[in-house]
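Morning, everyone. I have one chain to walk through today. Have a look at the screen, and then I'll start.

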Amino acid sequence: MFLSDCQSKLARFARTLSLSQRVKATFIASFSVFCILSLLVVFAATKGTEDYIFEKQLSRAVTQFSQNYAQRHTFLFPEGIVAYARFADIPPLLAEYIDSTTPGVFELEHPDEQDFHYAVARMPDNSLYYFIYDVNEVEISENLERMMMQIIFSSFTLFILLFFVIFHLVLKRSLAPMFTLIEQVKKSDGSSDARFINEYKYEDDEIGLLNKTLADYAQRIEAFVQREREFTSFASHELRTPVTVIKGANELLKLHSEREPALAKPLARLERAVNSMEDMITVLLELAREDKTGQTAQAELASVVEEVLLAFQCQADKNGKTLSLIASSQNSPSITRVNGLIVISNLVRNAIQHSTDADIELRVTDSTFSVSNTLQPGQSAHVREFFSGTEQGYGLGKIIVERVCRQQNWQYTQRIEGSQICVTIDFSG
């Protein structure tokens, strides 16, 4: 449990670091661990080599003594080595740490940090001799070892700091082209005068290839944006021209509607439909350009809702539905008229299409508009498709509605509880 908590905290901390900081931390930590392990291995190897030399010297002295013992010759031991013919002759402070029965060469584990090696050897007459090798005078003392370790550690720390400074400078220089790329991408905001310049001269390394790829990609995006602007300009003219023709023809027909009263209602519906189409074209072209300054005509939210209510009242009556408007506030905010008409019209049209209850509730508060209607259980899945954006619906669909809301900084929310569905638009921004 403790280990998992530490891992999760370490992971959260790592996510707060930048790429260069992660590289630095990882490399320095790995390098430090490697150096420490290397020091430990070197120190252990040094101690092992030192003990091997002492035991080899003691073993050689024991062998020579055995040869001289067999020939009854006198043997002069090297300095520090003493031979005992009986175990009882060994100093008591050392005897308690010596195995008196097992022949061989060993290191004496003395508790007072004194260094001795001893050997037990069987002579030609089958007697046991005991050899003590006092290496305290020739072996590195514990104090000297600690002082050497402190010097090594201090040098190692200084070396790490020096290495970190050098590594920081090298890494900063290595990542400089990448930060240049980032700045270019930030400044390349899609405007006509923005250009992504391939300034990195080494195109055969990773940063150079990335720079070249981004430059090529930016050029393709720029060409695509230019084609989209041209299409939007052409589409604006080509779509508005037939709408203007229809509006003109409708105005001529209205001049003759006095002699044909039955034409007044269809011509009014035709006029509303043409106006709605014109507004829809305007909004779609705005979304294609991602331009927030195209439509500036403002209207009160309540008046926009009443306009939508009037436009869809006939369709609601035809489908046996009732549109109920509830206004709970007298302070109605001003919104962009065309965008508000598109969003609210789409939601009301969709409610008329999918509602199974006769009553559809439209509610207007200080800064919000909501539409609520009832669904049959079997229709919930179909309506969820519309609100998930997988279906265009009977109108612009949720995708366009959300794009308009995002462009105008309006908050769109929808809630489905059982058979009741409620969609709310907050126009406060």
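Start with Asn373. This is a predicted model, so keep that in mind throughout. Asn373 sits in strand 9, which runs over residues 368-374. Is Asn373 buried or exposed? Buried, with a relative accessibility of 6%. The cut-off for buried is under 20%, so Asn373 qualifies.

What does Asn373 touch, once we leave out residues up to four places away in sequence? The list is Ala351, His354, Ser355, Ile360, Ser419, Gln420 and Ile421. Two of those names, Ala351 and His354, bring us to a helix: helix 8 covers residues 337-354.

Next, the salt bridges. How many does the structure hold? Three.

Take Arg337 and Glu307 to begin with. Their side chains form a salt bridge, at 2.7 Å from N to O. Arg337 belongs to helix 8, while Glu307 belongs to helix 7, residues 301-318. The two are 30 residues apart in sequence, so this pair ties together separate parts of the chain. On exposure, Arg337 is partly exposed at 27% relative accessible area. Glu307 is partly exposed too, at 32%.

Now Asp89 and Arg86. Their closest N and O atoms are 3.0 Å apart. Asp89 is partly exposed, at 35% relative accessible area. Arg86 is exposed, at 52%. The line for exposed is over 50%, so Arg86 falls on that side of the cut-off.

The remaining pair is Arg363 with Glu361. Here the closest N and O atoms lie 3.3 Å apart. Arg363 has 30% relative accessibility and counts as partly exposed. Glu361, at 24%, also counts as partly exposed.

On to the surface, charge first. Which residues make up the positive patch? Lys265, Arg269, Arg272 and Lys318. Helix 6, residues 264-289, gives the most to this patch, with three residues. One residue in helix 6 is Arg272. Arg272 is partly exposed, at 34% relative accessible area. Patch members need over 30%, so Arg272 clears that bar.

Then the nonpolar side. Leu39, Phe43, Leu144, Met147, Met148, Met149, Ile151 and Ile152 form a nonpolar surface patch. Together they expose about 640 Å² of accessible area. Where do these residues come from? Helix 2, residues 19-70, and helix 4, residues 142-187, each supply at least two of them. Helix 4 gives the most, with six residues. Ile151 is among the residues placed in helix 4.

Last, the whole chain. DSSP runs give ten helices and eleven strands. The chain has 429 residues, and 32% of them count as buried. The accessible surface comes to about 27100 Å². Carbon and sulfur atoms hold 59% of that surface.

And the contacts. Take those with a sequence separation of 6 or more. What share of them joins residues 24 or more positions apart? The figure is 62%.

To recap: Asn373 is buried in strand 9. Three salt bridges are present, and the one between Arg337 and Glu307 links helix 8 with helix 7. Helix 6 leads the positive patch, and helix 4 leads the nonpolar one. Happy to go back to any of these on the screen.

Conventions. Residues are numbered from 1 along each chain as its sequence is written. This is a predicted model: local features need pLDDT of at least 70, side-chain atom pairs count only at pLDDT 80 or more; totals for chains, interfaces and linings use all residues. Side-chain values use heavy atoms; hydrogens and water are left out. A salt bridge is a side-chain nitrogen of Lys or Arg within 4 Å of a carboxyl oxygen of Asp or Glu. Buried means under 20% relative accessible area, exposed over 50%, partly exposed in between (1.4 Å probe, protein chains only). Helices (H or I, at least four residues) and strands (E, at least two) are DSSP runs, numbered from the N terminus. Contact means heavy atoms within 4.5 Å. Patches are made of residues with over 30% relative accessible area and no salt bridge: like charges are joined within 9 Å, nonpolar side chains (Val, Leu, Ile, Met, Phe, Trp, Tyr) within 5 Å. Accessible areas come from the Shrake-Rupley method with a 1.4 Å probe; for residues, only the protein chains shown count as cover. Lys and Arg count as positive and Asp and Glu as negative; His and the chain ends are not counted. The place of a charge is taken as NZ of Lys, CZ of Arg, CG of Asp or CD of Glu.
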